[in-house]
Amino acid sequence: MAQVHGHSPDILWFFFYSHFPSRQVIPLGLKMLQLNANLPNMAKIEIYTTYFCPYCDRAKALLEKKGVAFQEFDAPHGSDARRRAIENSGGRTTVPQIFINGKSIGGSDDLVALDRAGKLDALLAG
Ligand SMILES: N[C@@H](CCC(=O)N[C@@H](CS)C(=O)NCC(=O)O)C(=O)O
């Protein structure tokens, strides 16, 4: 291995490990395992959208930023999907309509409001 600034590699490893001792590295590893273990438990997220719909795009962008998987239903006027969205949301006729574990949380503004209130992450985690 090449020498850096005249120090032997051993000296570099010494500084590396003295900054990251195992008592810090092991809890970090466990935390990562814990995060992975949470992945299969993520909430079921469904979003009803239409093709040209800025509010739908905004809601999907936020879900994508959160890194969660979601199922999207194309719901143009008069479609079965649109009827389902209206029925399951208690009569809301706009798109998007978003459901987390089957519960209606409303549209894009509602999703953003939940995030700003600091409540969205817990809902998405299931
Ligand atoms: N406040 C709603 C507004 C949603 C909205 O206005 N969506 C438009 C499409 S982008 C819509 O559904 N317009 C009525 C329609 O297409 O029937 C939200 O944030 O989701």
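# Working chat: sheet, core and ligand shell

Buried residues make up 17% of the 126 residues in the protein.

User: Before we start, what kind of model is this?
Analyst: It is a predicted model.

User: How many helices and strands are there?
Analyst: The protein has 6 helices and 4 strands. Read from the N terminus, the order of elements is α-α-β-α-β-α-β-β-α-α.

User: And what share of the contacts comes from residues 24 or more positions apart?
Analyst: Among contacts with a separation of 6 or more, 57% are between residues 24 or more positions apart.

User: Sheet next. What's the strand order?
Analyst: The 4 strands make an open sheet ordered β2-β1-β3-β4, with mixed pairing. At the edges are β2 (71-74) and β4, each of which pairs on one side only. From one strand to the next, the twist averages 25°.

User: Which sense is β1 with β2, parallel or antiparallel?
Analyst: β1 and β2 are parallel, paired over 4 bridges. Across that pairing, Tyr48 stands opposite Phe73 in β2.

User: And β1 with β3, parallel or antiparallel?
Analyst: Those two run antiparallel and are joined by 4 bridges. Tyr48 turns up here too, with Gln97 as its bridge partner in β3.

User: What about β3 with β4?
Analyst: That pair is antiparallel, with 3 bridges joining β3 to β4 (residues 103-106). Ile98 has Gly106 as its bridge partner in β4, and Ile100 has Lys103. The two strands form a hairpin with 2 residues between them.

User: Which residue in that turn has a positive phi?
Analyst: Asn101, with a phi of about 50°. Asn101 lies in the loop between β3 and β4 and has this positive phi although it is not a glycine. In general, most residues other than glycine have a negative phi.

User: Why is Asn101 classed as partly exposed?
Analyst: Because it has 13 other C-beta atoms within 10 Å; the partly exposed class lies between 12 or fewer, which is exposed, and 20 or more, which is buried.

User: Back to β3. Are its faces covered or open?
Analyst: Both faces are covered. Gln97 and Phe99 are buried on one side, and Ile98 and Ile100 are buried on the other.

User: Now the core. Which residues touch the most other members?
Analyst: The largest nonpolar core has 15 residues, and Ile47, Tyr48, Ala59, Ile98 and Leu111 touch the most other members. The elements giving two or more residues to this core are β1 (45-49), α3 (54-66), β3 (97-100), α5 (108-116) and α6 (120-125).

User: Take Ala59. What is it in contact with?
Analyst: Apart from neighbours within four places in sequence, Ala59 is in contact with Ile47, Pro96, Ile98, Ser108 and Leu111.

User: Where is Pro96?
Analyst: Pro96 is in the loop between α4 (80-88) and β3. The peptide bond joining Val95 and Pro96 is cis, with omega about 5°.

User: Which residues are around the ligand?
Analyst: Val95 and Pro96 are in that set, along with Cys53, Pro54, Tyr55, Thr93, Thr94, Gly107, Ser108 and Asp109. The elements that give two or more residues to this shell are α3 and α5.

User: How many of them are nonpolar, polar and charged?
Analyst: The shell around the ligand divides into 5 nonpolar, 4 polar and 1 charged.

User: Different topic. Where does Phe70 sit?
Analyst: Phe70 is in the loop between α3 and β2. Leaving aside neighbours within four places in sequence, its contacts are Ile45, Glu46, Ile47 and Leu63.

User: How far apart are Phe70 and Lys44?
Analyst: They are 26 residues apart in sequence and 7.0 Å apart in space, C-alpha to C-alpha.

User: Is Phe70 buried, exposed or partly exposed, and why?
Analyst: Phe70 is partly exposed, because 19 other C-beta atoms lie within 10 Å and the buried class starts at 20.

Definitions and conventions. Residues numbered from 1 in each chain as written. Predicted model: local features only at pLDDT ≥ 70, side-chain atom pairs only at ≥ 80, totals over all residues. Contact = placed C-beta atoms within 7 Å. Core = buried A, V, L, I, M, F, W, Y, C linked by C-beta atoms within 7 Å. Near = placed C-beta within 6 Å. Nonpolar A, V, L, I, M, F, W, Y, C, P; charged D, E, K, R; others polar. Pairing = 2+ DSSP bridges. Axes fitted to C-alpha atoms, helices over the stretch in contact; angles between N-to-C directions.
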